Structures are given as structure tokens and as C-alpha cells.
Amino acid sequence: MKTKYNLAIATLSSLSFLAQTTPGFAATPKENFDWYCAQCHGVDGTGNGINSVDELPVGPMNLTAAKEMSKFTGPMIIKTLTHGGPVNTLDSLMPPWGNRLSTDEIEGLMNYVRALCKEDGCPK
Amino acid sequence: MKRTKLFGLAKGLIGAGMLAVAGGVLSPAALAGVTEGKQIFDAKACENCHQMTGPSEPLPVAQRSKIKGPPLWFAGSKFNEDWLLTWLESPTPIRRVKYGTLVKGANDHVALSTAEAADVGAYLMSLVDAEMSIDEVVDEPLSRRVEFKAEKLFTKKQVCFGCHEYPSSRGNIGGFTGPSFTTGGQRLNGDWVYFMLQDNARYYPNGRMPVYGDEAFEAYTDDELRLLAQYITSLGEDGE
């Protein structure tokens, strides 16, 4: 029974991935941000998402602040989005999205995050 | 993890490769409940909010906010029957946001009479994931030492409490968007939690749950998955 289950899971996982990355299914960067990222970072990126609660050890990063975002190059943001916070010595509350989103969607998210930062000193 | 007669029967039938609602297999009383429950479910148009066939298909992200309730095609694998019957009579919020949104609050949900809840509960408990094997997770209380280890899996190895509220030693803590586990032991079946943790996309392809397991986060081992399922289904089991 278990082998049959695992085979079915593997097949379904592959199909799910295809479905998410097939043209027509790929979401816009804003759609992905609002669905996945905004739950912690907030729709405006300031870090005030609904999962940002005082009891958690670390709050979500303010993605609009030059002080925070100037520390990160584009490749670093892509790495963090793909693998999660610890890959860039950030907190483990930042999860990996590379198993949910395609590389194109991750790159789109990186550009979207970059554009949220509009202060003087924000990386261009 | 409370096991009930109907739930055990349905799972046993699945284990034997039979459909739980196959005519003549369930007792007449149980079968009548399933049939009546399906009629009530249809009459109240529950399917408008709950997906009843599966595995669920992934939808484009832009369409996901239209989903108003959790899929129930595997309800009999997921829920404890006692909890389900009580909940159908007196629905209480399971998460602290409206389903599929980032808005604090709870969806309005119809409350059933005791008789209706018994029938709809029988119907829902007959809906099991035929691919899910049973008796994978130990149904025993955790020692303090093992509970401590399991909590670390929940909060450190992967950070489930970023989205899921749980009863810690410092009180209930955690994010809003995932279902709360403060009464996970009353609500959930450990075997289903074990299988869901292995592939949440099978049950929730349209959710917000990340998939861990790469260079920054180690995947749970099989033993850890079983322990985590046992831990989650021990939380609030005694109604604390």
C-alpha cells in the first residue's frame, strides 16, 4: 500500500509542479507576492503581515526600508527566496519557496521586492 | 487521537480495498446515515465551498482566493469523528483568518441539528483517501522528554509556528494563516497528518504552505515525521 502511495505522490507532485510552471498557470510577481509573501511581510512589504505577531522571536523584514534592503544583492534575494532565510544568515522564519515557485517566478519576485524599496539608498 | 467505530470501519474497508460506502458493506444504520448525510450535504449546497473530489487540482494563484472552505474529499482520513460531530453542531473557528484570505475573523458556517450532524458526519467520515495507509503513527501520549524533542521539530528544524498557532509552555503562540493546533489532538487523525506532511500538495495544492527540504532546511526524516504527527495530534487533546 505504501509503495503505491509513494508512487502516486511522486506522480502527482510532478504534475503539480508542471501545472504551476506551465504557461497560463504562472502567476504574476504581484500575485505571488500577495499570496505567499504578504502573509508575513504585508501587501505593502513593510513587514506588517498578519503572521507578524509579537510572540514570534523575529519580525518579518521591512522590504521597503533602504537600511534593510541595501544589504542584499539581487542574487542574495533570489537565494533567500529559493532556499529560505538561513541560507543568508537570516532567521529560519523565512521559509524556502523554491519548491513551490519556478525559477522565473522567483526572479520575478526578486524584481518585485526590489521595486518595493523606494527610499534614498535603496539598491537600484 | 480518538478512534471511533465508524471511522475504524471505514478505514478498515479501505485497507481491504473496498469503498467505504459500498452498498451492503456498511451496517444498514451506518449506511442510512451516510445516505441521509449526503442528501443533507447536497441540499445545503455545501459543495459550493468544499471540494469533494480529489486529489485537488492546483489553480492559478489569482483564482485561489475564490476558494471558501477546505477540501473534504478526504474528511474521513483527516478528522476524528467525535470532534467533527460536535463541530458540525457548533462550528468554531479553526484558523484566525477567513478561509483563503489574510483578513482576521472567521467565515460564517451553517450549524446543523444533532440529527443532521450525525448523518452529515457519517457521510463525511465515509470519505477517505484510499491511498493513505493506516496505523503509521503511534497513538500514545508523549513523555516530557520526547514532547520537548517534538516541539523543537515544530519550532526550530522547520518553523511551523510561523503560520500555525500552538499551545507552548508560554501559552498559545504562532501565526494566523494556518489552521490552529491548539486543539489538534481533538480534531486530527495522526496518520493523516503524517501523510499530509509528506506531501501537502496532495491535499492542499492551493494553499500557502511552503515545502521544506533543501540546502537551508533539512527535510524531516521518516521517524521525525511520525513524531511530529504524534505531537500535533497530542496538542490540546484533553481540552486544555
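**Figure 1. Aromatic pairing in the predicted model, with a tilted pair in chain A.** Over all chains of this predicted model, the structure holds 18 aromatic pairs. In the pair formed by A:Phe33 and A:Tyr112, the ring centres are 5.1 Å apart and the planes meet at 45°, so the geometry is classed as tilted. A:Phe33 belongs to helix α2 (residues 29-41) of chain A and A:Tyr112 to helix α5 (residues 103-116) of chain A. The pair thus links distant parts of the chain, 79 residues apart. Both A:Phe33 and A:Tyr112 are buried.

**Figure 2. An edge-to-face pair and an aromatic cluster in chain B.** The ring centres of B:Phe74 and B:Tyr203 are 4.8 Å apart, and their planes stand at 70°; because this angle is over 60 degrees, the pair is edge-to-face. B:Phe74 is located in the loop between α2 (28-43) and α3 (75-78) of chain B, and B:Tyr203 in helix α9 (residues 200-203) of chain B, so the pair ties together parts that are 129 residues apart in sequence. B:Phe74 and B:Tyr203 are both buried. These two residues also belong to one aromatic cluster, together with B:Trp73, B:Trp192 and B:Tyr204.

**Figure 3. Helix α8 of chain B.** Helix α8 (residues 190-198) of chain B is mostly covered, with 7 of its 9 residues buried. B:Trp192, a member of the aromatic cluster of B:Trp73, B:Phe74, B:Tyr203 and B:Tyr204, is one of the buried residues of α8(B). The other buried residues of this helix are B:Gly190, B:Asp191, B:Val193, B:Tyr194, B:Phe195 and B:Met196.

**Figure 4. Arginine side chains over aromatic faces.** Within chain B, B:Arg96 lies over the face of B:Phe176, at 3.7 Å from the ring centre. A second view joins chain B to chain A: B:Arg208 lies over the face of A:Trp35, at 3.6 Å from the ring centre. The residue that offers its ring to B:Arg208 is also the site of the bend in α2(A).

**Figure 5. The bent helix α2 of chain A.** Helix α2(A) bends by about 45° at A:Trp35. A straight helix of 13 residues would span 18 Å at 1.5 Å a residue, whereas α2(A) spans only 15 Å between its end C-alpha atoms. The buried residues of α2(A) are A:Asn32, A:Phe33, A:Trp35, A:Tyr36, A:Cys37, A:Ala38, A:Gln39, A:Cys40 and A:His41. They pack against α5 of chain A, the helix that holds A:Tyr112, the partner of A:Phe33. After α2(A) comes A:Gly42, with a positive phi near 85°.

**Figure 6. The disulfide of chain A and a cysteine pair that is not bonded.** Over all chains, the count comes to 1 disulfide. The bond joins A:Cys117 to A:Cys122, with an S to S distance of 1.9 Å. The torsion about the S-S bond of A:Cys117 and A:Cys122 is about -70°, so the disulfide is left-handed. A:Cys117 counts as buried at 4% relative accessibility, and A:Cys122 is buried with a relative accessible area of 5%. A:Cys40, by contrast, is in no disulfide. Its nearest cysteine sulfur, that of B:Cys163, is 5.4 Å away. Since a disulfide requires sulfur atoms within 2.5 Å, the separation of 5.4 Å between the sulfur of B:Cys163 and that of A:Cys40 is too far for a bond. A:Cys40 is also among the buried residues of α2(A).

**Figure 7. Surroundings of A:Asn88.** A:Asn88 lies in the loop between α4 (74-83) and α5 of chain A. With a relative accessible area of 15%, A:Asn88 is buried. Leaving aside its neighbours within four places in sequence, A:Asn88 is in contact with A:Met76, A:Lys79 and A:Thr80. The C-alpha atoms of A:Asn88 and A:Met76 are 7.2 Å apart in space, although the two residues are 12 residues apart in sequence.

**Figure 8. The fold of chain A.** Chain A contains 5 helices and 0 strands, and its elements run α-α-α-α-α from the N terminus on. Of its 124 residues, 47% count as buried. Among the contacts in chain A with a separation of 6 or more, 46% are accounted for by residues 24 or more positions apart.

Notes. Residues are numbered from 1 along each chain as its sequence is written. Chains are lettered from A and ligands numbered from 1 in the order in which they are written. This is a predicted model: local features need pLDDT of at least 70, side-chain atom pairs count only at pLDDT 80 or more; totals for chains, interfaces and linings use all residues. Side-chain values use heavy atoms; hydrogens and water are left out. Rings of Phe, Tyr and Trp (its six-membered ring) pair if their centres lie within 6.5 Å; planes under 30 degrees apart count as stacked, over 60 as edge-to-face and the rest as tilted. Helices (H or I, at least four residues) and strands (E, at least two) are DSSP runs, numbered from the N terminus. Buried means under 20% relative accessible area, exposed over 50%, partly exposed in between (1.4 Å probe, protein chains only). A charge sits over a ring if NZ of Lys or CZ of Arg is within 6 Å of the ring centre and within 35 degrees of the ring normal. The expected span of a helix is 1.5 Å times one less than its number of residues. The bend at a residue is the angle between axes fitted to the seven residues ending there and the seven starting there. Contact means heavy atoms within 4.5 Å.
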